[in-house]
Amino acid sequence: MTVTPPARVETDLDEEFGEELDRIRSEVIAARGTEDAHYIRTVIATQRRLEAGGRIALAVSLFPPAWAAGTAMLSVAKILENMELGHNILHGQWDWMGDPAIHSATWEWDFLTPAQAWKHTHNHLHHTWTNVVGRDRDLGYVVFRMSGDQRWLPRHAVQPLYNIVLAPLFEWGIALYDLEPDAVAAGRKTWRSLAADLTGFLGKAARQLAKDYALFPLLAGPSFLPCLLGNLTANTVRNLWAHTIIFCGHFPGEVRTFTEDSVEGETRGEWYLRQIQGSANIEGGPLFHVLSGNLSHQIEHHAFPDLPSNRYAEIAPRVRELCEKYGIPYITGPLWRQYGSTWGRILRFSLPSVRTIS
Amino acid sequence: MPAIPALASRLLTVASWLASPHTPDDYLGLIDPLLGARCPVGRVTAVTPETPDAATLTIRPGRGWSGHIAGQYLPIGVEMDGVWHWRTYSLTSVPGRRDGLLTITVKAAPGGTASPQLAHRTPPGTVLRLGPAQGDFVLPGRLPPRMLWVTAGSGITPVMGMLRTLVLRPPPHPHVVLVHSAPTARDSIFRSELDAARQRLAWLDYRERHTRHDGRLAPQDLERLCPDWRERETWACGPAALLDVVERHWRREKPARRLHVERFRLTPVLPRIREAASRSPVVFTRTGTEVAADPASPLLVVGESAGVPMRYGCRRGICFGCLTPLRYGRVRDLRTGELHQGSGQLIQTCVSAAAGPLALDA
């Protein structure tokens, strides 16, 4: 496998393609309304009820069925909180409601990294420079080599091992990544601003860690240890899940990467093309889509990062049809296949490769 | 007893750590929205028609409501098609009522968005967002012996809140002249209650004027309706045309007494710079910078080239890193042509351009 240059359609087609996608976008914006608002509030209420239920059950988790039920509820609550709520609200997908309680400027999530830091690295850097080697730090999260356009270094030989360690500790990985220590080393970020970011991270992390590993276990009294283990399990399950969905949305085999030269002077249509070719979908049922934060529709998310997530499922067939019409690959598959393919890529690029096309 | 609030506040602090990164309110609000204090709400308990186009909404406020002074207005958030719209209405209820209820009286503006919904299509049980009561058009703590209230249309509402409050005060009451204008008797809000009050209260002199028949209130009418107007502390509320007349008249006559004016719509302070019609003056309120912006330049670029420190992100409308509150004016989304307006609305400066004079909180 080699990295191929981005497929460029002829200029007029490219323009037409962009216009068709813009039309989908404006149709969704015009249709947003009561039902969408009801949807996000239902997810919020469900998440909070599950979290409260999970915490209560874990308070009496000396009783094993309570442990199982509590851990399951808390795991699902944390997954919903991160994926369908945190990720999407912080993208500004729900800002149109004008609700200060559900707004990208005010929302904070149950994740070690503060919302503000994440919005910068994710919404700004990643979504602007999707899969551009050297610009998109998410392309390998600094430590992985995910494209033949990235230089092979000896440390990449052990990247399958990094991935095994990263998955259960994903929120720690993201928190460190959001501090951008690599940017300080490269001189793109000052020590002073690193210190400020570190202070923000430590404050946030202290609250999150105190809650899960001290306060709730202490309140559980005799159930201290099972409660603590339940919380640890829920966080780990959430981390494994988030890691799986995010890696499967970006790194299955055929997902393309781009060079800085190829994106210079990019048109709106070309921008859409890059977003679509740089992402991969995961097939599944409605519950699977909600639990993945609709990032199972990663292609639609990357084309329209600020449209409400509950709309991706309905526009996905149209985006796919357009891709077929214009001969653009639309990468999708069931979770097991995308997962296997992602691992294939991690293994493949852990070895030096011969670049056939540059 | 003081041990209990101290304990309660300590418990809330602990609970806030447990609910982190949210607040205990977010969970209480699931049981009943009125239990949440972070975004105060109220539930409509009754809707009473007043005139063909005005209705009184009785509202039970939730835990976050912190009270008001007679005469103040209340920001109300009403949800329509999933979007919260904010409007302000004068409180017409007496502060600190025993049943804890509030009332506002809403006149449906022809062609309006939120007011027809509130006046005509708000079933009891509807939950509304409540902002904090605001405004200094209020009944003073120490009452002057003689007062004059000049109102027109729905300008009667804050004065109604003051009157109802005065009625409940122990005597002696100040002498009050209320001169109210409405197009016809049928359009006169609170007419029967005011008529009854005039007959019952020796200290209230209620004068109603029907502008469709008698014409608009002019300064000379005031001489006739209230000859001692110079000696009275005056409160005026109504359409801008009436208030302009009143303010001019008071300035000209220089009466010793103070004049209190309540305008429902603030007249924005426009930037001083005026250039070619295609360019709009933009004020950055924090830095005090004023520049002219053309309708095609993103406000982020406009601000940056004028040396204003602006929040920025992707510069292409994706990341919402540049959200900046609009103070007044209108902006156009360069991507969709959609117009955004409204004080306090957060706009994406990287993809929004000026659509007329505006001010940004930057």
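This report describes the contact between chains A and B, two sheets of chain B, and some local backbone features in a predicted model.

**The contact between the chains**

On the side of chain B, 28 residues are in contact with 46 residues of chain A. The two chains bury about 3100 Å² between them, and 57% of this area lies on carbon and sulfur atoms. Of the area that chain B buries against chain A, 20% comes from B:Trp17, B:Leu18 and B:Ile318, more than from any other three residues.

Polar interactions also link the chains. Between chain B and chain A there are three salt bridges. One salt bridge is formed by the side chains of A:Arg41 and B:Glu79, with an N to O distance of 3.1 Å. Six residue pairs are in polar contact between the two chains, counting pairs with both residues at pLDDT 80 or more. Helix H1 (3–19), helix H2 (24–31) and strand E4 (83–90) of chain B each supply at least two residues of the side that touches chain A. By class, this side of chain B has 14 nonpolar, six polar and eight charged residues.

**The parallel sheet of chain B**

Chain B has an open sheet of five strands in the order E9-E8-E7-E10-E11, with parallel pairing. Its edges are strand E9 (204–210) and strand E11 (259–262), each of which pairs on one side only. Neighbouring strands of this sheet are turned by 10 degrees against each other on average, direction ignored.

Strand E10 (residues 233–237) of chain B is joined to E11(B) by four bridges, and the two run parallel. Here B:Ala236 has B:Val261 in E11(B) as its bridge partner.

Helices accompany this sheet. H4(B) packs on the sheet and touches strand E7 (146–152), E8, E9 and E10 of chain B. The direction of H4(B) makes about 145 degrees with that of E7(B). Helix H5 (residues 191–200) of chain B lies across E8 and E9 of chain B and runs at about 140 degrees to E9(B).

**The antiparallel sheet of chain B**

Another open sheet of chain B has three strands in the order E16-E15-E18, and the pairing is antiparallel. Strand E16 (339–341) and strand E18 (352–354) are the edge strands, each pairing on one side only. From one strand to the next, the twist averages 35 degrees. Strand E15 (residues 330–333) of chain B pairs with E18(B) in the antiparallel sense over three bridges. Within this pair, B:Asp333 stands opposite B:Ser352 in E18(B).

**Local backbone features**

Most residues other than glycine have a negative phi, and most peptide bonds are trans. The table lists two cis peptide bonds of chain B.

| Cis peptide bond | Omega | Place of the second residue |
|---|---|---|
| B:Ser20 to B:Pro21 | about 5 degrees | B:Pro21: loop between H1 and H2 of chain B |
| B:Pro171 to B:Pro172 | near 5 degrees | B:Pro172: loop between helix H4 (156–168) and strand E8 (175–182) of chain B |

The loop that holds B:Pro21 therefore follows H1 and precedes H2 of chain B, as these elements are numbered from the N terminus. H1 and H2 of chain B also contribute to the side that touches chain A.

In chain A, A:Val142 has a phi near 70 degrees, a positive value in a residue other than glycine. A:Val142 is found in the loop between helix H4 (115–128) and helix H5 (159–166) of chain A.

How values were computed. Residues numbered from 1 in each chain as written. Chains lettered and ligands numbered in written order. Heavy atoms only, no water. Pairing = 2+ DSSP bridges. Axes fitted to C-alpha atoms, helices over the stretch in contact; angles between N-to-C directions. Contact = heavy atoms within 4.5 Å. Buried area = accessible area lost by both parts, 1.4 Å probe. Salt bridge = Lys/Arg side-chain N within 4 Å of Asp/Glu carboxyl O. Polar contact = N/O pair within 3.5 Å; in protein donor to acceptor, adjacent residues only side chain to side chain. Nonpolar A, V, L, I, M, F, W, Y, C, P; charged D, E, K, R; others polar.
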